[in-house]
Amino acid sequence: MEIFYKNKKAEKQFDSTYESKWEYPEKVKIKLKSIENFLKSALSLNDVFVYPPYRFHCLKGDRKGEWSITVPNTAWRVIVIPCDEDKKPILDGDIFSRCNFIKIVMVTEVSKHYE
């Protein structure tokens, strides 16, 4: 799967090439790198959806259209938006039924849940 970023801040929060500047706990750093590798090797968004530890789920309210990948056993999450082949966000419709065809995600942020 292809990963791109909403902005430079999101890239620095998630892309492991910036790991030396990350201020996350060591446990979170390791798991973020694992999620990054998992996303890059995934054939489609369905691989993320069917992997229970990541608890892939949609967000609500002001964050409608965004999805969360839980960093397992932490309070952290990676926020993504599924995108089409032209890197345009897919904000409506049934994402779950289209997971096999979605091969691009935009990372919008890495954050501590409830902060």
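A residue counts as buried under 20% relative accessible area, as exposed over 50%, and as partly exposed in between. The legends below use these words for a predicted model.

**Figure 1. Glu 26 and Lys 29 form a salt bridge within helix H2.** By the cut-offs above, Glu 26 is partly exposed because its relative accessibility is 48%. Lys 29, at a relative accessible area of 15%, is buried. Their side chains meet at 4.0 Å, N to O. Helix H2 covers residues 26-41, and the two residues are 3 apart in it, which means a separation of about one helical turn. Side chains of opposite charge can pair when their charged atoms come close.

**Figure 2. A second salt bridge in helix H2 joins Glu 36 and Lys 40.** The closest N and O atoms of this pair are 3.2 Å apart. Glu 36 and Lys 40 are 4 residues apart in H2, so about one helical turn separates them. Glu 36 has a relative accessibility of 1% and therefore counts as buried. Lys 40 has 47% and therefore counts as partly exposed. The pairs of Figures 1 and 2 are among the 7 salt bridges counted in the model.

**Figure 3. Arg 63 and Glu 109 are joined by a salt bridge.** Here the closest N and O atoms lie 2.7 Å apart. The pair connects distant parts of the chain, since Arg 63 is in the loop between S2 and S3, Glu 109 is in strand S5, and 46 residues separate them. Arg 63 is partly exposed, at 23% relative accessibility. Glu 109 is also partly exposed, with a relative accessible area of 23%. Through salt bridges that share partners, Arg 63, Glu 66 and Glu 109 belong to one network.

**Figure 4. Glu 66 is a buried residue in the loop between S2 and S3.** Its relative accessible area is 11%, which is why Glu 66 counts as buried. The side chain of Glu 66 makes a polar contact of 2.7 Å with the side chain of Arg 63. Beyond residues up to four places away in sequence, Glu 66 touches Cys 58, Leu 59, Ile 79, Val 80, Ile 81 and Thr 108. Of these contacts, Ile 79, Val 80 and Ile 81 are also buried residues of strand S4.

**Figure 5. Strand S4 is mostly covered.** S4 spans residues 76-83, and 8 of its 8 residues are buried. In a regular strand the side chains alternate between the two faces of the sheet. In S4, Trp 76, Val 78, Val 80 and Pro 82 point one way. Arg 77, Ile 79, Ile 81 and Cys 83 point the other way. Both sets are buried.

**Figure 6. Strand S4 pairs with S3 and with S5.** S3 (residues 67-70) and S4 run antiparallel and are joined by 4 bridges. Trp 67 has Val 80 in S4 as its bridge partner. The hairpin of S3 and S4 has 5 residues between the strands, and Asn 73 in this hairpin takes a positive phi near 60°. S4 and S5 (residues 104-112) also run antiparallel, with 8 bridges between them. Arg 77 of S4 stands opposite Ser 111 in S5.

**Figure 7. Asn 100 contacts residues distant in sequence.** Asn 100 is in the loop between helix H4 (95-98) and S5. Its relative accessibility is 45%, so Asn 100 counts as partly exposed. Leaving out residues up to four places away in sequence, Asn 100 touches Ser 44 and Asn 46. The side chains of Asn 100 and Asn 46 make a polar contact at 3.3 Å. Asn 100 and Leu 43 are 57 residues apart in sequence, and their C-alpha atoms are 8.1 Å apart in space.

**Figure 8. Phe 49, Val 50 and Phe 96 make a nonpolar surface patch.** The area of the patch is about 250 Å². Val 50 is in the loop between helix H3 (45-49) and strand S2 (57-58).

Notes
Residues are numbered from 1 along each chain as its sequence is written. This is a predicted model: local features need pLDDT of at least 70, side-chain atom pairs count only at pLDDT 80 or more; totals for chains, interfaces and linings use all residues. Side-chain values use heavy atoms; hydrogens and water are left out. Buried means under 20% relative accessible area, exposed over 50%, partly exposed in between (1.4 Å probe, protein chains only). Two strands pair if DSSP finds at least two bridges between them. Patches are made of residues with over 30% relative accessible area and no salt bridge: like charges are joined within 9 Å, nonpolar side chains (Val, Leu, Ile, Met, Phe, Trp, Tyr) within 5 Å. Accessible areas come from the Shrake-Rupley method with a 1.4 Å probe; for residues, only the protein chains shown count as cover. A polar contact is a pair of N or O atoms within 3.5 Å; within protein, one must be able to donate a hydrogen and the other to accept it, and residues adjacent in sequence count only if both atoms are side-chain atoms. Contact means heavy atoms within 4.5 Å.
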